[in-house]
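Here is a short report on one protein structure with its ligands. Look through the sequence and the model before reading on.

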Amino acid sequence: MINITNLTRYFGTLAAVNAVSFSVGKGEVFGLLGPNGAGKTTTIRMLTTLLKPSEGTALVAGYDVTTDPLEVRRAIGVVPQMLNLDIDLTCAENLEYHGRLHKMEPGDREARIEELLRFVGLWDKKDTPVEHLSGGMRRRLLIARGLMHRPQVVFMDEPTVGLDPQARRLIWGFLESLKRKGITILLTTHYIEEADALCDRVAILQTGRIIALDSPTVLKAGVGKYSIECLGRHDIPRKFFPTREEAIDASREVCEDIVVRESTLEDVFINLTGERIDT
Ligand SMILES: Nc1ncnc2c1ncn2[C@@H]1O[C@H](COP(=O)(O)OP(=O)(O)O)[C@@H](O)[C@H]1O
Ligand SMILES: [Mg+2]
């Protein structure tokens, strides 16, 4: 559903996205994980035809984003990082407007609006202007809008940014049920647990380049499935072990108060870059 080769975008001399290549299959949830400024939004903006690539090619749903942008736009749903709902309009009106843009029939629009507002838990808010919604509700409406014209590929840029854990988990539930319906999702996030919980495969980005790409399980096993931490000591370098037993054995020599924990995608990133993701 997505096929990109050497995708590159310069801003002046800065390569915000630098020779990025990957493919996403039907029904896959693919994550772009990386710190702020890594190039996640720039990648999504190119794939959704909002920004022209400087170099490389990108096919989305079989169409080239540079030569066939209108076909790409018809095929995809977009949930942007910035909330760009019309806050004077109600929830239903925001979806209605989007449905008209996509030339949906009136009866179909009406049915789809109810289906989606129920899906994201906003049916009782259908006549409420967006300006009266909480941040979490606005994010949910943004997702409903992205799905309105039944796209088979959906791009979501930081779909849970700024939300509290409960609101975030609610959105994770929506994404899981979209996946069960066979919808292909490309999402970006700088939340490690989000990439881990939702994505079949993750590309880890740093300053415009992919530095690792695989399933979360394989990426974590690559550093060692277990890690030890000494309570109250931050001077001990991180060490990773393939089994819990080896981690416990090694920790005996290090200090008394230890915790053995499972490695995370953050460990993968730190191991590759020496830096943290979530800064
Ligand atoms: N329109 C722009 N003009 C100039 N620089 C930009 C523009 N958009 C993004 N950048 C720069 O490109 C890099 C990647 O940005 P972005 O794709 O927004 O990263 P992310 O979404 O991963 O936080 C950053 O260094 C950012 O400052
Ligand atoms: Mg971004």
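Is N6 buried, partly exposed or exposed? N6 is partly exposed, because its relative accessible area is 42%, and the partly exposed class runs between 20% and 50%. This is a predicted model, so that holds for the model as computed.

**Two residues with positive phi**

N6 sits in strand β1, which covers residues 2–11. Its phi is positive, about 55 degrees, although N6 is not a glycine. R150 also is a residue other than glycine with a positive phi, near 55 degrees. R150 lies in the loop between α5 and β7 (153–157). R150 has a relative accessible area of 39% and is therefore partly exposed.

**The magnesium ion**

Which protein atoms are the donors of the magnesium ion, ligand 2? They are OG1 of T41 and OE1 of Q81. These donors lie 2.0 to 2.4 Å from the ion. The pair links distant parts of the chain, 40 residues apart. T41 belongs to helix α1, while Q81 belongs to the loop between β6 and α3. T41 is partly exposed, with a relative accessible area of 28%. Q81 is partly exposed too, at 28% relative accessibility.

**Ligand 1**

T41 returns here, as one of the residues that surround ligand 1. The others are F11, L14, A16, P35, N36, G37, A38, G39, K40 and T42. Oxygen atoms of ligand 1 pair with polar atoms of the protein, as the table shows for A38, G39 and T42.

| Residue | Protein atom | Distance to an oxygen atom of ligand 1 |
|---|---|---|
| A38 | polar backbone atom | 3.1 Å |
| G39 | polar backbone atom | 3.0 Å |
| T42 | N or O atom in the side chain | 2.5 Å |

**The largest pocket**

What is the volume of the largest pocket? It is about 590 Å³. The pocket is lined by 25 residues, and the closest to its centre are L50, V78, P80, N84 and R145. Four elements are named as giving two or more residues to the lining: α1 (40–47), β6 (76–79), α3 (91–101) and α5 (135–147). Which of them gives the largest share? That is α3, with four residues. By class, the lining holds nine nonpolar, 11 polar and five charged residues.

Notes
Residues numbered from 1 in each chain as written. Chains lettered and ligands numbered in written order. Predicted model: local features only at pLDDT ≥ 70, side-chain atom pairs only at ≥ 80, totals over all residues. Heavy atoms only, no water. 1 Å grid on protein atoms, 1.4 Å probe; cavity = no way out; pocket = protein on both sides within 12 Å on 5 of 7 lines; lining within 4 Å. Points joined across faces, edges and corners; volume = space filled by probe spheres on them. Nonpolar A, V, L, I, M, F, W, Y, C, P; charged D, E, K, R; others polar. Donors = N, O, S within 2.8 Å, 3.2 Å for Na, K, Ca; no water. Buried < 20%, exposed > 50% of the residue type's maximum accessible area, 1.4 Å probe, protein only. Near = heavy atom within 4 Å. Polar contact = N/O pair within 3.5 Å; in protein donor to acceptor, adjacent residues only side chain to side chain.
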